[in-house]
Amino acid sequence: MELLKERIRKDGVVKPGNILKVDSFLNHQIDIPLLQKIGEEFKSRFSDVPVTRILTIEASGIAIACIAAQYFNVPVVFAKKSQSINLDGESYTAKIPSFTHKKVYDVILSRKYLLPEDHILIIDDFLANGCALKGLIEIVRQSGAVLEGAGIVIEKGFQSGGKEIRSMGVRVESLAIIESMSPDSLVFR
Ligand code: 5GP
């Protein structure tokens with residue numbers, strides 16, 4: 001998606017530790033017209049499959065998923081990061097190591113909001129090592145719903161997540177894939 005790549009080139013900042021900061025339009029301040037274009041693009045890429053619900057993870061995925069959901073006309077549900085897993089059988093749970101915060105989150109999602117008859121599209125902001133996406137895939141697996149694919153805004157193609165998850169047979173559509181990055185260069189695939 002050329003508009004997104006241009007924006008990353010203009011406003012993205014590469015930080016030590018392979019972190020790309022996009023706080024001015026995606027992760028802190030949010031550019032709504034850009035998110036609308038992103039939502040349209042996800043809809044066009046996944047127009048061939050039935051989607052009944054969009055799944056994401058708090059916090060950064062929520063805004064993206066909500067705007068995308070307007071084009072699919074479906075509800076959004078997000079996995080919550082929780083301090084303690086309540087094993088009451090009413091929630092799906094997964095452990096997700098965080099790339100940016102260097103800790104492991106327990107995430108939970110109520111069984112009420114993900115049903116075996118659902119067709120799920122997962123949406124998230126970044127794909128790096130794939131831990132967040134694998135956790136969400138695990139939650140979909142627990143629910144018995146059909147996973148139609150994952151829509152990612154920015155994939156860091158030089159990290160292993162995209163390759164691993166595609167090799168699991170999951171359809172991953174990333175709107176911008178970064179081949180390599182350093183403080184003074186950003187190369188897209
Ligand atoms: P993964 O689990 O694939 O290693 O990392 C994905 C999650 O970590 C995303 O949900 C995102 O919040 C965060 N993340 C990973 N890499 C980056 C990055 O370069 N920049 C930002 N802003 N977030 C990242």
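**Exercise 1. How far does a polar side-chain atom of K156 lie from an oxygen atom of the ligand?** Once you have that, list other polar contacts and work out how covered the ligand is.

*Solution.* Keep in mind that this is a predicted model.

- Start with K156: its polar side-chain atom lies 2.7 Å from a ligand oxygen.
- Check that against the cut-off, where N or O pairs count as polar contacts within 3.5 Å.
- Next, take N129, which uses its backbone: an N or O atom there is 2.8 Å from an oxygen of the ligand.
- Then look at D125, where a side-chain N or O atom sits 3.1 Å from a ligand oxygen.
- Finally, the cover: on its own the ligand exposes 500 Å², and the protein buries 89% of that.

**Exercise 2. Where does the ligand sit, and which elements give two or more residues to the shell around it?**

*Solution.*

- Find the site: the ligand is in the largest pocket.
- Now the elements: β2 (19–21), β7 (119–127) and α5 (131–143) each supply two or more shell residues.
- β7 has the largest share, with 4 residues.
- Among the 16 residues of the shell, L20, A128, N129, G130 and K156 come nearest to the ligand.
- Sort the shell by type and you get 8 nonpolar, 5 polar and 3 charged residues.

**Exercise 3. Which radius of gyration would a compact globule of 189 residues have, and what does the protein have?**

*Solution.*

- Get the inventory first: 6 helices and 10 strands.
- Lay the C-alpha trace along its principal axes, and it spans about 50 × 35 × 30 Å.
- Now compare: a compact globule with 189 residues would come out near 16 Å, and the protein has 16 Å, so the two agree.

How values were computed
Residues are numbered from 1 along each chain as its sequence is written. This is a predicted model: local features need pLDDT of at least 70, side-chain atom pairs count only at pLDDT 80 or more; totals for chains, interfaces and linings use all residues. Side-chain values use heavy atoms; hydrogens and water are left out. A residue is near a molecule or strand if one of its heavy atoms lies within 4 Å of it. A polar contact is a pair of N or O atoms within 3.5 Å; within protein, one must be able to donate a hydrogen and the other to accept it, and residues adjacent in sequence count only if both atoms are side-chain atoms. Accessible areas come from the Shrake-Rupley method with a 1.4 Å probe; for residues, only the protein chains shown count as cover. On a 1 Å grid over the protein atoms alone, a cavity is a set of points where a 1.4 Å probe fits but cannot get out, and a pocket is an open set with protein on both sides within 12 Å along at least five of seven lines; lining residues have an atom within 4 Å of a point. A molecule sits in a cavity or pocket if more than half of its atoms lie within 2 Å of its grid points. Ala, Val, Leu, Ile, Met, Phe, Trp, Tyr, Cys and Pro count as nonpolar, Asp, Glu, Lys and Arg as charged, and the others, Gly among them, as polar. The radius of gyration is taken over C-alpha atoms; the globule rule is 2.2 Å times the number of residues to the power 0.38.
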